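Below are some notes on the model, set down point by point. Please read them with the coordinates open.

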Amino acid sequence: MAEAAAVSQRASAIARRSAVRGIVAMAAMLVSACATVVPRGPAAPTGPVKAPPPAARPNVGVEAGIPRDTARNRVALLVPLSGTNAGVGKSLANATQLALLDTRNEQVRITNYDTAAGAAAAAQRAVADGAQLILGPLLSEDVRAVAPIARRAGVPVLAFSNDISVAGDGVYLMGYTPGQSIERVVEFARARGVTNFGGLVPNALYGTRASTTFLRAVEAAGGRVVALQTYDRTAGGVGEAVNRMAKDAPFDAVLIADSGATAATAVPLLRRTSPNTKVLGTELWNSDNGVAARPALNGAWFASVSNNLYRQYAAKYRARFGTAPYRLSSLGYDAVLLTARISRDWRIDAPFPETRLRSGEGYAGIDGAFRFGRDGVAERALEVQEIRGGTATVVSPAPASFGR
C-alpha cells in the first residue's frame, strides 16, 4: 500500500500516485566457506618436537534470541500464523514483506511472532529479542495482553484492532473503527435531506458502540432518531427487530450496523412498512466481497476507506503470493509505510520516536489519509459509496487531507 508521506500539503499528490512503482527484489546473500592454504615450510626436524601450547581462544560468549542486527532497527510483527485466524495473520505478514520491498527500506528488520499460542508469550519473546516497535496484534484481547509487556519495555504498539477501549498509553490503533464510518454516512445522508432515522444494531459490543455513535451523530447533524432496535444474532432475530420498528414507520433512512448479509435479510421486511427508506451500512461492508451483488442492498450507502489504491495493491499482492489478500492486510502494509517514513529520523539502535505518532502529523497509505488522535485511534479520511446494479460507486470521495 503506497509509501507513507506527510498528509499536510502533500497527501493530495500522494493519493494520485500509485501505491508504489513495482516490487524490488531483495538480493540474496551468498556465504562461501574459505579454505586456508598453509605454505610449505622447511623440512621437519628429526628429533622430538615439543608441542606448542594451545592457542588461547577468545571468550565470545553466547547470545540468546535472534542474531543481533547492528545495521537495522528491529520491529516485531505479532499476528496469528496458526490456528483459526492464520489466514488473515499470514496475509498481514505478507503485506508487511511487500511494503518493505516496495519502500526499499534497509533500516528496518521485521520479525514475525505467532500469537495463536499466546499473545503475551509472543510479546515477551519480541521484547527479549530487542524489538523497538510492535506491529499488531490483531484481536483486542491480544492487545490487552501485549500492552503492559510492551509498556514496561518502552515499546510502542501499532495494533490492528478496531476496539477503541484498548487504545492509549503507548497503544495506537490502525483498525477501521465503526464510529467514524457511522458519523460519515449519517452526515452524508443528512446533507441529502434525510431527517428521520431508524437504527438496527446487534446485541453485542459492536452494536452497543454503534448505537451510541449513531445517536450522537444524528443529533450533531440536526436529524432525529425515531426508532432504534436491538436484536440477537440468531435466526429471525433481525426480522423480529424490524417488526418492532413498524409502529414508527416510515423512515427516511435506517442504519443496519451489521454485515451485508444481515442487512440484505432485513431490507425486504423493512420495505413493507417503509418502502422508500434509504439503507445505511457501516465499514463492515467494505470487507464483504459480495455486498454489492445483493439486490436487496441496491441504492444503499456506506462509508469506508477508499479502495482506489487497494485495488492496485491487491493485484500486486496476488502476482507475488499467488492468492488474493485479506482486506485487512492493508493495515499491515500501511503500518510499514508509516514505520518507513519515520525511520528516516530513527537512529539505529535507538528507541522508536513515538512522539512522531502523537504529533498530529498525517500520513497517506493504501487506505488513504490517516493520523492518530490523542486517544491513540487512527482518524481516517473516509469516502461514501452507493451500491448500484452490482457495483459500489463512490458518491462522496474521501478528502485528500485533514485540512490542516
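Contact here means heavy atoms within 4.5 Å. The model is a predicted one, and the points below should be read with that in mind.

1. Ala210. This residue belongs to helix 6, which spans residues 205-221. Setting aside neighbours within four places in sequence, Ala210 is in contact with Ile182 and Ala257. Ala257 lies 47 residues from Ala210 along the chain, and the two C-alpha atoms are 6.8 Å apart. The relative accessible area of Ala210 is 1%, so the residue is buried.

2. Gly207. Helix 6 also holds Gly207. Is Gly207 buried or exposed? Its relative accessible area is 2%, and with the limit for burial set at under 20%, Gly207 counts as buried. Not counting residues up to four places away in sequence, Gly207 touches Val201 and Pro202. Between the C-alpha atoms of Gly207 and Pro178 the separation is 9.5 Å, with their positions 29 residues apart along the chain.

3. The strands from 363 onward. Strand 11 (residues 363-365) and strand 12 run antiparallel and are joined by 3 bridges. The connection from strand 11 to strand 12 is a hairpin through 2 residues. In this pairing Tyr363 stands opposite Phe370 of strand 12. Strand 12 also pairs with strand 13, again antiparallel and over 3 bridges, and here Arg371 faces Glu379 of strand 13. The hairpin between strand 12 and strand 13 has 5 residues between the strands, and Gly376 in its turn has a positive phi of about 85°.

4. Burial of strand 12. How many of the 5 residues of strand 12 are buried? The count is 4 for this strand, residues 368-372, so strand 12 is largely enclosed by the rest of the structure.

5. Cavity. The structure holds 1 cavity of 30 Å³ or more, with a volume of about 80 Å³ for the largest cavity. Residues lining the largest cavity include Tyr176, Gln180, Glu283, Asn286, Arg380 and Leu382. Two or more lining residues come from each of helix 5 (178-191) and strand 13 (378-380). By class, the lining has 4 nonpolar, 6 polar and 2 charged residues.

6. Cis peptide bonds. Most residues other than glycine have a negative phi, and most peptide bonds are trans. Against that background, the bond from Gly136 to Pro137 is cis, with omega near 0°. Pro137 sits in the loop between strand 3 (133-135) and helix 4 (140-153). Another cis bond joins Ala249 and Pro250, with omega about 0°. The loop that holds Pro250 runs between helix 7 (237-245) and strand 8 (253-256).

7. Positive phi outside glycine. Arg104 has a phi near 55°, a positive value in a residue other than glycine. Its place is the loop between helix 2 (86-103) and strand 2 (108-114), and at 59% relative accessibility Arg104 counts as exposed. Asp169 has a positive phi of about 55° although it is not a glycine. Asp169 is found in the loop between strand 4 (157-159) and strand 5 (171-173), and with 58% relative accessibility Asp169 is exposed.

8. Aromatic pairs. There are 11 aromatic pairs in the structure. For Phe188 and Trp301, the ring centres are 4.9 Å apart and the planes stand at 85°, so the pair is edge-to-face. This pair links distant parts of the chain, since Phe188 is in helix 5 and Trp301 in strand 10 (residues 301-304), 113 residues apart. Phe188 is buried at 8% relative accessibility, and Trp301 is buried at 6%.

9. Tyrosines of helix 9. Tyr310 and Tyr313 form a tilted aromatic pair, 5.6 Å centre to centre with 50° between the planes. Why are Tyr310 and Tyr313 separated by about one helical turn? Because they are 3 residues apart in helix 9 (residues 308-321). Both Tyr310 and Tyr313 are buried. Ring pairs link these two with Tyr317, Phe321 and Tyr333 into a cluster.

Conventions. Residues are numbered from 1 along each chain as its sequence is written. This is a predicted model: local features need pLDDT of at least 70, side-chain atom pairs count only at pLDDT 80 or more; totals for chains, interfaces and linings use all residues. Side-chain values use heavy atoms; hydrogens and water are left out. On a 1 Å grid over the protein atoms alone, a cavity is a set of points where a 1.4 Å probe fits but cannot get out, and a pocket is an open set with protein on both sides within 12 Å along at least five of seven lines; lining residues have an atom within 4 Å of a point. Grid points are joined across faces, edges and corners, and a volume is the space filled by probe spheres set on the points. Ala, Val, Leu, Ile, Met, Phe, Trp, Tyr, Cys and Pro count as nonpolar, Asp, Glu, Lys and Arg as charged, and the others, Gly among them, as polar. Buried means under 20% relative accessible area, exposed over 50%, partly exposed in between (1.4 Å probe, protein chains only). Two strands pair if DSSP finds at least two bridges between them. Rings of Phe, Tyr and Trp (its six-membered ring) pair if their centres lie within 6.5 Å; planes under 30 degrees apart count as stacked, over 60 as edge-to-face and the rest as tilted.
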